[in-house]
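Trainee: Hey, can you help me look at the aromatic rings in this one? I'm new to this, so plain words please.
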Amino acid sequence: MLVPLTRQKFEQIIPLIASGPQYKYYWGKFSNFIQRLLISVVAVVVILLVKVFFRIELDLIVFLLGIIGAFFWLWYPVFQASLRNVKCRRYKYSGFFRGRILDWWITDQLIGKQETVNSKGELVIVENREKRINLEVGDDTGFSIEFDAPLKPAYKVITRGLVAEMIVMSNRRDLGRIEEFSDIFIPSRDLWVSDYPCVRQDFFTETSRRLREDPDNRPRRRRRQEEEERYDDDYDY
């Protein structure tokens, strides 16, 4: 099932400014916070040194730059998440897709390498790997996508055949070519499968509920096929 969304609804589901879960995602670990904090300290020190040595009289500008630098640790996650949201919102058209999980499997993904020295003084390269769950989601029209995300214990309930929903994005009005898609929601398990929480979950689940309750929202592709069949019947001699 593929139902086109209005631009207004799409922009509600994928916000411009980072939501709480998106901010938390880019907040990162404690080490990430320390890195941002160090950058803030360095930025403030540099601005003060520039003001002292070059005797800049633009106090308001220096003050504003100082505030921006001092709170870099706080606002940078917002900037990162908002930038990622903009990349999704650049697509002109979107749709709500409901299909089923056709298949799933687990893979190991290389996420980085570290060089260290063992007890013998030999250089050793340690690979950092992450287990990820891979989902193939599709419908009865033959459309399917593959999606992967970091493996979590909650994903143990995932099985083939479960209904899965997501937002798809395209630059074609008829959504004939899907260029991007959001995280996946499995309503029967009230479970989100995602790496980055792309959508506002409250607006998404509300849209999902309304589409389930509205019998007129038939799948777009099936509706198009029925229209073509009626057209053919009208000209069947």
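Mentor: Sure, we'll talk through the aromatic pairs and then a surface patch. Keep in mind that this is a predicted model.

Trainee: Okay, how many aromatic pairs are there?
Mentor: The count comes to 19 aromatic pairs. Take W75 and F79 as an example: their rings sit edge-to-face, 6.4 Å centre to centre, with 85° between the planes.

Trainee: Why edge-to-face?
Mentor: Because planes over 60 degrees apart count as edge-to-face, and W75 and F79 have 85° between theirs.

Trainee: And where do W75 and F79 lie?
Mentor: Both are in helix α5, which covers residues 72–89. They are four residues apart, about one turn of the helix.

Trainee: Are they buried or exposed, or something in between?
Mentor: W75 is partly exposed, at 32% relative accessible area. F79 is partly exposed too, at 44%.

Trainee: Switching topic: which residues form an aromatic cluster?
Mentor: Y23, W27, F30, F33 and W73 make up one cluster. W27 also has R36 lying over its face, 4.6 Å from the ring centre.

Trainee: Now the surface. What makes the nonpolar patch?
Mentor: It's about 1,100 Å², and its residues include L60, F63, F71, W75 and F79. The elements giving two or more residues are α4 (59–70) and α5.

Trainee: Which one gives the most?
Mentor: That's α4, with seven residues.

Trainee: And where does F71 lie?
Mentor: F71 is in the loop between α4 and α5. It's partly exposed, with a relative accessible area of 40%.

Definitions and conventions:
Residues numbered from 1 in each chain as written. Predicted model: local features only at pLDDT ≥ 70, side-chain atom pairs only at ≥ 80, totals over all residues. Heavy atoms only, no water. Phe/Tyr/Trp six-rings, centres within 6.5 Å; stacked < 30°, edge-to-face > 60°. Buried < 20%, exposed > 50% of the residue type's maximum accessible area, 1.4 Å probe, protein only. Lys NZ or Arg CZ within 6 Å of the ring centre and 35° of its normal. Patch = residues over 30% accessible without salt bridge, like charges linked within 9 Å, V, L, I, M, F, W, Y side chains within 5 Å. Areas by Shrake-Rupley, 256 points an atom, 1.4 Å probe, with all protein chains shown as cover. Salt bridge = Lys/Arg side-chain N within 4 Å of Asp/Glu carboxyl O.
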